Amino acid sequence: MSRRTSTQERYNVIVVGAGFAGQSCVRTLANSDTSVLLIEQSANFHRKVCAEGMTRQDCSFISDRFMTTPFKPVTIHHNSHTAIIGKTHGAIATFDRSGFLRQGMEEIRKLKNVDVMVGACVSDIIDRSTLRLSDGRTISFDYLVGADGARSVVRQFLDLPVKNTAVAVQYTCPVTHPDFELHLRDDFESYFWIFPHRSYTKIGCGAEISVRSPQQARRDLDNFMKMHNFPIETSTLEAATLTFDYRGYAFGNIYLAGDAAGLMSGLTGKGIYAACVSGTVIARNILGDRSQDHLLRKIISKKRILDGLYGFVRNKVLRRAFFTLGMHVVRNRTLARAVMRLVN
Ligand SMILES: Cc1cc2nc3c(=O)[nH]c(=O)nc-3n(C[C@H](O)[C@H](O)[C@H](O)COP(=O)(O)OP(=O)(O)OC[C@H]3O[C@@H](n4cnc5c(N)ncnc54)[C@H](O)[C@@H]3O)c2cc1C
């Protein structure tokens, strides 16, 4: 591939978005014979509404030094029943998302074949070789990677529908909490999470917009906070939209990674690992290397199973039976291991 020109109006690869997907993509293209431009709209790219939970699979991208709570078991509550996952080795840890992404960006800025634009927003994709920034500048590319999250402009250009849209509301509460908890309720088509970090706790819930408005989701979360004695007044509330409508990741010379591709799981809300793997695989594909494609295929097939199971949670009538059965499943050691393999 050609080295970049001095005018910088054309790059071999433009990556839009410096989240997990975008950074993984750029880091995989590091020191290759490609000119790369990373465009990120926000100086606060490292901050995003997220519970910052990780499972074992995330350890291949996120090192221990970013962990804020080590791996611990998760207690699942349903009506008056409880079940524990990961009793022996733990199931979930939390990490410092902001620290991880800031560190990643520092390393990216040192790469010789990569230019970085932070504070530049891609307003539209003109055609399959040119995009426009919101200040009117145009830049050309051979390959474009849309790693620009749930409201991806690259996805819009590809004219892919986005059917599964949810809203998540979350409080960051300035108290410590000893355990990871998930709360399932028969009247709620998702779950409430309590994820402890070193000096604070993230408490949240998600719901499909077609079923529950953001205001309703917030009221539900406020009631949950009160019921569990978390102080609302001193907690910070945030909300975000999410999509999990996957329609492919490679569209000729244009790729979609992470949330832009809808790779997040609707059932679990986990998306960081899928973002990192898809960014990496796309970069390798651009370099002509298909050796890691199987990792992404595995994520997609697990996602299909999890999204299928989510159909039971969405359904008012089936939900109670699904949750009850699920509690039995996780109490059985062999079946619990299978569940861990699926969500991990
Ligand atoms: C409440 C909540 C809790 C979550 N908890 C977890 C969890 O515990 N564990 C887990 O694995 N996942 C979790 N997720 C999901 C996870 O946060 C996402 O799947 C992950 O961040 C996706 O990474 P990404 O790089 O694809 O997208 P993003 O992190 O959204 O990054 C996209 C980047 O693109 C930039 N951008 C967007 N548009 C443009 C543009 N036009 N021009 C330039 N730049 C642009 C954005 O500023 C952003 O920096 C959670 C999500 C939510 C909402």
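Strand β10 pairs with strand β11 (residues 138-146) in this predicted model, the two running antiparallel and held together by three bridges. One of the pairings puts L131 opposite I139 of β11. Getting from β10 to β11 takes a hairpin with four residues in between, and G136, sitting in that turn, has a positive phi of about 100 degrees.

On its other pairing, β10 (residues 130-133) meets β9 (residues 122-127), again antiparallel, this time through four bridges. Here R132 of β10 faces D124. The link from β9 to β10 is a hairpin too, made with two residues. So much for the hairpins; the ligand comes next.

The shell around the ligand counts 38 residues, and the ones that come nearest are all glycines: G17, G19, G149, G258 and G271. By residue type, the shell breaks down into 20 nonpolar, 12 polar and six charged members.

As for where these residues come from, several elements chip in with at least two each: the helices α1 (20-29) and α5 (272-286), plus the strands β2 (36-40), β12 (165-173) and β16 (236-243). The top contributor is α1, which hands over three residues.

Zooming out to the domains, the shell draws on both domain 1 (10-47 + 98-162 + 244-321) and domain 2 (53-93 + 165-243), so the ligand lies between the two.

Note on methods
Residues numbered from 1 in each chain as written. Predicted model: local features only at pLDDT ≥ 70, side-chain atom pairs only at ≥ 80, totals over all residues. Near = placed C-beta within 6 Å. Nonpolar A, V, L, I, M, F, W, Y, C, P; charged D, E, K, R; others polar. Domains from an automatic or database assignment. Pairing = 2+ DSSP bridges.
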